[in-house]
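Colleague: Could you take me through a close look at one buried position, and then carry on from there into the helices and loops that you would want to describe alongside it?

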Amino acid sequence: MSTTTARPAAAADVLAIGFGTTVAMWAVAYVSRLPIVQAPAPLVLVLFLVALLAGGYVAGSRTSRGMGAGLMAGAITGLLNLLVLGSFLSAADLSALLAAVGAAEGARRGPRPPGRAWTNSFACVAVAATFLLVIAGGLVTSNKAGLAVTDWPNSYGYNMFLYPFSRMTGGIYYEHAHRLLGALVGLTTMTLAGLLIAVDRRKPVRLMGTAAALLVVIQGILGGLRVTGKPTLGMDTEPNIYLAVVHGVTAQIFLSLLVAIVVVTSPTWISDLSPIATERAARARRGATIAVVAVILQIVFGAIQRHLAMGLMLHIAAALVVAHVTMSAGMRTWGHFSSSPVLRRAGITVIWVVVLQFVLGFAAWVVRGAWESGHVSETVKVTVTTLHQGNGAVLLASVVALRLWLTRLLTPGVTR
């Protein structure tokens, strides 16, 4: 990492590992307790232990601190679980002990690889946590559970973080778990912003971290006001469905902002790699910019259709336009700049995500009709529509990343 872009980050490694282990445990917890899954408790416990040991192993094998890194990362994991989920998942001391055991095993590998870009790793953890939250939000909408908990920031009069898990059933599970995941994403984003401010010397990158912190706060407030309609701690609420549309769109934009932070903190971005001089630079960037705008508009149309049951044909027609501009941006990058491994991968990624989104969109339309006629279960409809919505977020993130890489790796000039 160039000394002109970053200062030493003493705590970034254990923070990335500790938060990463927490996100892995929460993913296990969320999926295992879904009403359609309900995994056996012993299996869930084993997966929790595996996650803690794996986090410790990474700390021991990828840092220079050995067991100490495992202890610190495990303590962070335990503290996060205690802060947001009481003692449901683990105690801080037990988490630290298990992670230390994993770290001891990891340290036995011998010589460690060169230092990682841990701030970038932490940004990747933030993206993973936010994608899980986007999927959870999609399940809330698909199951029509947005008002299953009728107050906010409390949950049926309880402090949100102390709501009994025994009452998290049906729609309440989808909505309340979404709130708890939002709290985790908020903590993760605030920590990422602090790391960027403390570590990165580039003002635009620090501003991106600050913007992410502000946006996650705004997003949380939007989610709450969608339920209450006005600031209140009581049950006298006036739900606002239009804020649900804004909340859904903002979530996907927020995910793309975090992906942008991953890109600009990556070792390739901050390396001395020289950009390619080409007369096609301006056109490629313009095409990618159009793709970003088109996808955002399509996400707006999709949110209107999902929340307000309006504009289905507009959403379908716009899909053809979006598929064209995004596929063109991906193919142009892949075909014209294949000499750059990064640009080639970015272009191919966009192409495949577009194809998958088109297939999922068609499947969602077919399944919707089949469900209305009674030929498929609601579970199938919910699964397909949520996957379509989640992949839409991935599509926006992929074209944003493509646009950034075109800025970093191309420069106007005569093609060599």
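**One residue and beyond**

Modeller: Leaving aside residues up to four places away in sequence, V125 touches A16, F19, G20 and V23, and I should say at once that this is a predicted model. V125 itself is found in helix 5, which covers residues 118–142, and because its relative accessible area is 12%, under the 20% cut-off, V125 counts as buried. A further relation in space links V125 with L192, since the two are 67 residues apart in sequence and 9.6 Å apart from C-alpha to C-alpha.

From helix 5 the chain can be followed into the loop between helix 5 and helix 6 (170–199), where P153 is found, and where K144 also has its place. The peptide bond from W152 to P153 is cis, with omega near 5°, while K144, although not a glycine, has a positive phi of about 55°. Both features deserve a remark because most residues other than glycine have a negative phi, and most peptide bonds are trans. K144 is exposed, because its relative accessibility is 69%. Another such residue is Q38, in the loop between helix 1 (12–32) and helix 2; Q38 is not a glycine either, yet has a positive phi of about 50°, and its relative accessibility of 52% means that Q38 counts as exposed.

After that loop comes helix 2, whose 22 residues (41–62) should span 32 Å at 1.5 Å a residue, so the 31 Å between its end C-alpha atoms agrees with expectation. The buried residues of helix 2 include V44, F48, A51 and L52, with G55, G56, A59, G60 and S61 further along. The check can be repeated for helix 7 (residues 203–228), where 26 residues should span 38 Å and the end C-alpha atoms are 37 Å apart, so here too the values agree. Just after helix 7, G229 takes a positive phi of about 80°.

Finally, there is the packing of helix 9 (residues 281–308) and helix 12 (residues 378–409), which meet at an angle of about 160° with their axes 9 Å apart. Because that angle is over 145 degrees, helix 9 is roughly antiparallel to helix 12, and the crossing of the two is left-handed. Among the residues making the contact are A288, V292 and I299 of helix 9, and G392, L396 and R403 of helix 12. The residues of this contact divide into 12 nonpolar, five polar and three charged.

Definitions and conventions. Residues are numbered from 1 along each chain as its sequence is written. This is a predicted model: local features need pLDDT of at least 70, side-chain atom pairs count only at pLDDT 80 or more; totals for chains, interfaces and linings use all residues. Side-chain values use heavy atoms; hydrogens and water are left out. Helices (H or I, at least four residues) and strands (E, at least two) are DSSP runs, numbered from the N terminus. The expected span of a helix is 1.5 Å times one less than its number of residues. Buried means under 20% relative accessible area, exposed over 50%, partly exposed in between (1.4 Å probe, protein chains only). Axes are lines fitted to C-alpha atoms, for helices over the stretch in contact, and angles run from 0 to 180 degrees between N-to-C directions. Angles under 35 degrees count as roughly parallel, over 145 as roughly antiparallel, 65 to 115 as roughly perpendicular and the rest as oblique. A crossing is left-handed if the near helix is turned anticlockwise from the far one by less than a right angle, and right-handed if clockwise. Contact means heavy atoms within 4.5 Å. Ala, Val, Leu, Ile, Met, Phe, Trp, Tyr, Cys and Pro count as nonpolar, Asp, Glu, Lys and Arg as charged, and the others, Gly among them, as polar.
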